[in-house]
Amino acid sequence: MQNKGFLRTAPLLCGLLCGLSLSAQSTVLMKPVFEPDIEYKGQLLESRYNSAITKPDDILGFPVGNRVAEPAEISQAVEMWNEQSDRVHAVEYARSHEGRPLYAVFISSPENLKRLDAIKADINKLADPRSLNDRSAKKIIDDLPGVAWMAYSIHGNETSGADAAMAAIYHLAASQEQSVADLLDKLVIVIDPMMNPDGRARFAKSLEQYRGTAPNVDDQSLLHRGDWPFGRTNHYFFDLNRDFFYLTQPETQGRVKLINRWRPQLMIDGHEMGSQSTYLMGPPRQPLNANIPPFVQKWGLTFSKEQGAAFDDQGWRYFTGEWFENWYPGYSNYAEYRGSMHILYEQSRMAEDGVRRPEGTVQTYKESVHHQFVSTMANLTSLAQYSKEMYADYWQSRKQNVDPKGQFANRSYVVLANENKGRMKAFVERLQAQDIEVFVAQKSIKVSDAVNHLGDTLNSAEIPAGSLVIPNRQPEAPLISAILEFDAAIKTEVLVEERQRNLRDGSSIMYDTTAWNLTMMYGLPALTVPSELTSNLKPYADENETLREPRADALAWIVDGVDDRSVSFAARMMERGYQVRTIDKATVLSGESLSRGSVMVAKVDNPNTSDLLDSVKLTASELGLDVASIDSGYGDGVLPDWGGRHFNVLNRPQIGIISHGQFSSYDVGATWWTIDHYLGIRHSQLDVASLTNTDLRRYNTLVLPTGFGGLSKPQQDALKKWIEQGGTLIAHDRSAANLARKDGLSQVRQVADTFGDAEKYDLSVQREWLALQDDVDPSEIMQHAVSTELSYPWDNDVKRLKKDALKKRDQWQSLFMPRGAMVAGRVDQEHWLSFGVDETLPLLYSRMPVLMSDDSSRAVVRVGVLKDNGDNDADPSVIGWSTVPAGYDLSVRMSGLLWPEASQRIANSAYLTRESLGAGQIILFAGQPNFRGSTRGTNRLLLNALVYGSGLGTRPSINL
C-alpha cells in the first residue's frame with residue numbers, strides 16, 4: 001500500500017535531502033528551527049487495541065490528529081475498518097456534488113449490529129403515541145439501546161472534528177478495554193465523520209499550497225485562513241449547517257433522511273470558531289425557540305456539566321452559552337424539535353500546526369483534535385448512563401405532541417391552492433422529508449378567525465379545494481410549529497437586551513435570521529387557522545399529474561407562466577436553439593386560459609426544424625410540465641392574439657456571474673446553483689480581477705452578486721459600455737448599493753442621498769398608486785370648460801419633514817435594521833419581471849441597502865402593502881420621506897424581529913428596480929433573491945431577470 005502521507009511531504013524532503021549536492025543558494029530548502037511550543041504532550045489514543053484493525057497512523061502516514069486528513073483518506077479508513085471490525089457497519093448515505101461519498105458509521109456490539117432493523121423499527125414505534133400504549137412503550141424502552149448521532153466538520157475548513165471522528169471510530173472499533181465493550185452493549189453509535197467532503201478537500205488543497213517547511217502559528221496567514229471561496233461551504237458555496245429543513249443540497253438530503261429514520265437520542269455537531277477563543281459547549285442561551293421540548297433542554301444541562309468535568313480533568317478551558325443561541329431551527333439542531341438532545345461543539349480553530357495565543361502559549365492542532373475526541377467520549381458515556389430516563393421523557397413528550405388538549409391542538413396551517421404546481425410539490429417534499437403529515441382539501445372549507453401573512457385576522461375565510469392542510473397536532477408537532485408558525489415567540493427580556501445592544505454599539509444577540517417561515521420563504525399564500533381541520537381532507541399523495549401529449553398538428557405549444565418551471569422550459573428550449581415567445585398579458589387561446597408569463601413555442605417561429613415537436617416533448621418531460629396544444633391564435637374577446645404586441649420574442653441568455661475578489665461566495669454560489677438547479681443552461685463565472693480584460697460581448701446578461709467592495713472606475717466604465725450596447729446587468733444587495741451611489745451606473749439612489757429630493761421620490765410612489773385607481777367621474781372629464789379645481793398629489797396638507805430632519809431620523813433608524821425579517825412586498829403586476837408572482841410577496845430583509853426609485857426607473861417591487869382602513873375622512877399620513885393615501889394603512893412586517901424604526905425606514909422603498917441605459921438595462925435587487933437557495937418567491941424574480949431580461953428589457957436587434 002502506498003504511503004500517501006509520505007507523498008504529501010516528499011517534495012519538501014527532496015528539497016532537503018536530494019538537493020544537498022547543489023549549492024546552498026539553488027534548490028535547497030532549509031531545515032526549520034525546532035519549535036518546542038508545537039510539541040503536544042497529550043495522548044489522543046490511550047488503550048489496548050486489536051492488532052487486526054489497521055491503525056489510523058498507518059493509513060495516514062502520520063499520527064492521527066497531527067495534521068489534516070484528506071477526504072479520500074478518511075473514506076479509505078472507514079471502508080477498511082468496515083471490513084476489519086465486527087463492531088462497524090458503514091453506510092454511504094449520499095454523494096457530494098463532486099462525487100465524494102458521505103458515510104454514517106454504525107458502531108456497536110456485534111449483537112446490536114445484527115438487529116439494527118429491529119432497533120430502528122422499535123424507535124419509530126415509540127415516536128408515534130397514536131398507535132402505542134404506555135405498557136408497550138415501556139417494554140420497547142427496556143429493550144432499546146441508546147442511539148447517538150455524532151457528526152463532524154460540516155464546515156470544510158473546521159477540520160479538527162473529522163480528525164477526532166477518525167480517532168473515535170478506531171478507538172471504538174479496536175479498543176479491547178472492557179469499558180468500551182460495555183459502552184457498545186448499551187449504545188448504537190452513529191459517527192458521521194465528514195459532513196462536507198467537498199469543502200474539506202478545497203481547504204486541504206489550500207493547506208498544501210500554502211504549507212512551508214517551518215511550522216506556522218500565525219492565525220492571520222493564508223495557511224490558516226485560506227482564500228476565496230474558502231473551505232467552509234460545499235461545492236456550490238452553500239453553508240450546509242443552514243440547510244436542515246430547506247434541504248437544497250444532496251449532502252443534507254441524504255443526511256436528514258437517515259437521521260430521521262433513526263431518531264437519535266443524542267446528536268452532536270462538531271464545529272470550530274475563532275482561533276483566539278477556547279472551547280464552546282452547550283447549553284445555549286436565550287433566545288431559545290419555544291418549540292424545543294423542555295426535556296431536551298433539561299438533559300442538555302446534565303450532559304454539559306459532565307462534558308465540562310471531562311475538560312476540568314484535563315485542565316482545558318471552555319465556556320457555555322455566551323454567543324450561542326437557539327432560535328433559528330435550520331441548523332443541525334432541527335433534530336431537537338423531533339426529540340433529540342443536541343450538543344454543539346465549537347473548538348477554537350487551528351488549521352495546521354497550531355496558533356500562538358495572547359498569553360504567549362501555542363495551542364496545537366493535535367490538542368484541538370483531542371478536545372473534540374474527549375467531548376465525544378464524555379457525551380457517549382453520559383448517554384449510556386441516562387438513556388433509559390431520556391427515552392421515558394421522550395415518550396411523555398411525544399404524547400403531549402398529539403394530546404387533544406395540548407399546546408399543539410386547535411391549530412392548522414393552510415397553504416392556499418394555486419397553479420404553481422412545481423413550487424407546491426417542492427414545499428410538500430420538504431415537509432414529508434421531516435415525517436410531517438400533509439393533507440389536501442377535497443372541497444371548499446369555511447373557517448373563522450384565520451390569520452394571513454399580513455397578520456390580518458379574517459372573520460371568515462374560504463379555503464379552496466386543492467389547498468394543503470397541515471394540522472399541528474401530530475407526532476412532529478414541535479417542528480411543524482417551528483417552521484410554519486408565522487411568528488416565533490420571543491421573551492420580553494430578550495427584546496430588551498437586543499435593543500440595548502443595538503443602541504450601545506450596534507451589536508446583536510441574534511446569531512442568525514429571525515424569520516424563516518417556510519410558506520413565506522417559498523412565496524406561497526398561507527393561513528393559520530385556530531382549529532384542527534379534519535373534515536373533507538385526504539392525505540397528500542404524490543400522484544403524477546396527467547400530462548397531455550403535445551399534438552403534432554398544433555400551431556403552437558404553450559406552458560402556463562404561473563409555474564416556475566415555465567421559465568426553465570423557455571431557457572432550455574432556447575438552449576436547444578429554438579425561438580421562444582412569452583405572453584405579457586393573460587389571454588385565452590383554443591379554450592386554454594394562459595397567465596402572464598406563459599411561454600409559447602410556435603411552428604411559424606421555427607420553420608426549418610424537423611425535430612421541434614420532439615424537443616417540446618423532451619423539455620416538458622424533463623420538467624414534468626403540462627403542455628397545451630394551440631390550434632388558433634385568436635384571443636377570446638378583447639384578449640391578446642398571438643400576432644400582437646403581447647407575444648414577445650425572447651433572446652437566448654448568455655450569462656456570466658462576476659465572482660471572486662470581494663464578492664460573497666454565498667451569493668455567488670446561490671446564483672450559480674440557481675442556474676444549474678432550475679435551468680441547467682450554460683453560463684460562466686468571471687473573475688472580477690480580469691473584468692477589464694474580458695471580452696464581455698460573449699454575454700448578454702451579467703450578474704453582480706453581493707460584495708463587500710465597489711467596482712473600480714475602469715471596471716465600471718467597461719460595464720457601462722457593455723450595457724449601452726444591449727447588455728442586462730443584474731446586481732444584488734451591496735453590489736446594487738454600489739451601483740446606486742451618486743457616481744454609480746444607476747439612476748436609483750440609496751435613501752441617504754435623496755433627502756433633498758424626497759418629494760420627487762414620494763410623487764413616484766403616489767403616481768404608481770394612482771395608476772391603479774378606477775374612480776373616474778366621466779362628467780368632470782367630458783366638461784367643456786377648463787376646470788379650476790384640479791387636485792394634485794402634492795396638494796395634500798401633510799406636514800413633510802425637511803432634509804435635515806430626514807437625515808437625522810434616518811441615521812437613528814439605521815441602528816435598528818433587522819438581522820433577517822420577513823416584510824411585505826407589493827408587486828407591479830404589469831411588468832415582465834413579476835411573471836408568476838402574486839400581488840403580495842414576502843421579502844427577506846436584513847441589513848441591506850434602502851433603494852429609492854423615481855420616474856427614471858421602475859420599481860417592480862416596493863416594501864409595504866396598502867390596506868383600506870375604512871376611514872374615508874382621514875388625511876394622508878406621513879411615513880418618513882413618503883406619504884400614505886388617505887384611508888389606508890401601510891403593512892410592512894410579516895415575521896421576525898423588525899423594530900418600528902426599521903419598518904418606517906424601509907417603507908415604500910424599492911426592493912426590485914429596472915431601468916434603461918442605452919440599448920441595455922440595469923436590474924437591482926435590494927437583497928439576495930435566492931438566499932440559501934430557499935427564497936423561492938423572490939428567486940422567481942431572479943429567474944425572470946436571467947432568462948427573459950436579454951429579450952424583454954433590452955432594445956431588440958435583427959440579425960440580417
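Let's start with one strand pairing: β16 (residues 450–452) and β20 (residues 526–529) run antiparallel to each other and are joined over two bridges. Keep in mind that this is a predicted model. From that pairing we can work outwards to the sheet, and then turn to the aromatic rings.

**The sheet**
- Within the β16–β20 pairing, Asn452 has Leu527 of β20 as its bridge partner.
- Both strands belong to an open sheet of seven strands with antiparallel pairing, in the order β17-β16-β20-β13-β19-β14-β21.
- At the edges sit β17 (457–458) and β21 (537–539), each pairing on one side only.
- Helix α14 (residues 421–433) packs on this sheet and touches β13 (412–415) and β19 (468–471). The direction of α14 makes about 20° with that of β19.

**Aromatic pairs**
- The structure has 28 aromatic pairs.
- One of them is Trp81 with Tyr170: the ring centres are 5.8 Å apart and the planes are at 40°, so this pair counts as tilted.
- That pair links distant parts of the chain, with Trp81 in helix α3 (residues 71–84) and Tyr170 in helix α7 (residues 160–174), 89 residues apart. Both Trp81 and Tyr170 are buried.
- Phe245 and Tyr246 make a tilted pair too, because their centres are 4.5 Å apart and their planes are at 55°. Both Phe245 and Tyr246 are buried.
- Phe245 and Tyr246 also belong to one aromatic cluster with Trp327, Tyr328, Tyr331 and Trp516.

**Charges over rings**
- Arg67 has its charged end over the ring of Phe62, 5.7 Å from the ring's centre.
- Arg499 lies over the face of Trp899, at 5.0 Å from the ring centre.

Conventions: Residues are numbered from 1 along each chain as its sequence is written. This is a predicted model: local features need pLDDT of at least 70, side-chain atom pairs count only at pLDDT 80 or more; totals for chains, interfaces and linings use all residues. Side-chain values use heavy atoms; hydrogens and water are left out. Two strands pair if DSSP finds at least two bridges between them. Helices (H or I, at least four residues) and strands (E, at least two) are DSSP runs, numbered from the N terminus. Contact means heavy atoms within 4.5 Å. Axes are lines fitted to C-alpha atoms, for helices over the stretch in contact, and angles run from 0 to 180 degrees between N-to-C directions. Rings of Phe, Tyr and Trp (its six-membered ring) pair if their centres lie within 6.5 Å; planes under 30 degrees apart count as stacked, over 60 as edge-to-face and the rest as tilted. Buried means under 20% relative accessible area, exposed over 50%, partly exposed in between (1.4 Å probe, protein chains only). A charge sits over a ring if NZ of Lys or CZ of Arg is within 6 Å of the ring centre and within 35 degrees of the ring normal.
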